[in-house]
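Subject: Handover of a protein model

Dear colleague,

Please find below the sequence and structure that I am passing on to you. My findings follow directly after it.

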Amino acid sequence: MRKLKFFLIGLVPGLIVVFFILNQKGVSCSGYLPNSRVIAETLSKDFSYTDTFRHQMGAQGITEQFLKDSIITAGHVDFDRSQAQQTPCPQYLLVYPEKNPRYEVQFEKCKDSAVFSDLKKLR
């Protein structure tokens, strides 16, 4: 019991100090989650669109800027419906927003590019 007290006396202040130091530097641990990694890697690739995807974007009034800044950045990858282990290019299904999704985007994330193939409006 005595060892536990000494452990907690050191642990709690240490966690507080680490929290404030990392918070001031703007560090976030969210980048280690699978959803965040897929989105960050996708945004770093060259984008290419199939003709079908371009047509669907035009029909729904979605610009490339809105796709990158809103749909992809704030979207959520549905790993249950994705084929993340597919080689050479894993295929993902992204829904936007996460709660009450309005759009589904299907894309492949290859080594140098992200190929967007399908865009569905759910409502």
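Strand β3 and strand β4 (residues 103-109) run antiparallel and are joined by six bridges. Please note from the outset that this is a predicted model. Two of the pairs between these strands may help you to find your way: Tyr96 stands opposite Tyr103 in β4, and the bridge partner of Tyr92 in β4 is Phe107.

Strand β3 also pairs with strand β2 (residues 76-77), in the antiparallel sense and over two bridges. There, His76 stands opposite Val95 of β3.

These pairings belong to an open sheet of five strands, in the order β1-β5-β4-β3-β2, with mixed pairing. Its edge strands are β1 (46-49) and β2, each of which pairs on one side only.

How well is β3 covered? Strand β3 spans residues 91-96 and is mostly covered, with six of its six residues buried. Gln91, Leu93 and Val95 point one way from the strand, while Tyr92, Leu94 and Tyr96 point the other way, and all are buried.

The loops on either side of β3 deserve a separate paragraph. Most residues other than glycine have a negative phi, and most peptide bonds are trans. In the loop between β2 and β3 lies Pro88, and the peptide bond leading to Pro88 from Thr87 is cis, with omega near 0°. In the loop between β3 and β4 lies Pro97; the peptide bond from Tyr96 to Pro97 is also cis, with omega near -20°. Tyr96 is thus named twice here, as the residue opposite Tyr103 and as the residue before the cis bond to Pro97.

Which residue of the β3-β4 hairpin takes a positive phi? The hairpin has six residues between its strands, and among them Asn100 has a phi near 55°. Asn100 is not a glycine, yet its phi is positive. Why does Asn100 count as exposed? Its relative accessibility is 57%, and a residue counts as exposed over 50%. Asn100 shares its loop, the one between β3 and β4, with Pro97.

Turning to the chain as a whole, the secondary structure comes to four helices and five strands. From the N terminus on, the order of the elements is α-α-β-α-α-β-β-β-β.

As for overall dimensions, the C-alpha trace spans about 70 × 30 × 25 Å along its principal axes. The radius of gyration is 20 Å, whereas a compact globule of 123 residues would have one near 14 Å. Buried residues make up 30% of the 123 residues. Among contacts with a separation of 6 or more, 42% are between residues 24 or more positions apart.

Finally, some surface and charge values may be of use to you. The protein exposes about 8,600 Å², of which carbon and sulfur atoms supply 57%. There are 16 positive and 12 negative side chains, and the centres of the two sets lie 14 Å apart.

In summary, I would suggest reading the model from β3 outwards: the strand has six buried residues, pairs with β2 and β4, and is followed by the loop that holds Pro97 and Asn100.

With kind regards

How values were computed
Residues are numbered from 1 along each chain as its sequence is written. This is a predicted model: local features need pLDDT of at least 70, side-chain atom pairs count only at pLDDT 80 or more; totals for chains, interfaces and linings use all residues. Side-chain values use heavy atoms; hydrogens and water are left out. The radius of gyration is taken over C-alpha atoms; the globule rule is 2.2 Å times the number of residues to the power 0.38. Buried means under 20% relative accessible area, exposed over 50%, partly exposed in between (1.4 Å probe, protein chains only). Contact means heavy atoms within 4.5 Å. Accessible areas come from the Shrake-Rupley method with a 1.4 Å probe; for residues, only the protein chains shown count as cover. Lys and Arg count as positive and Asp and Glu as negative; His and the chain ends are not counted. The place of a charge is taken as NZ of Lys, CZ of Arg, CG of Asp or CD of Glu. Two strands pair if DSSP finds at least two bridges between them.
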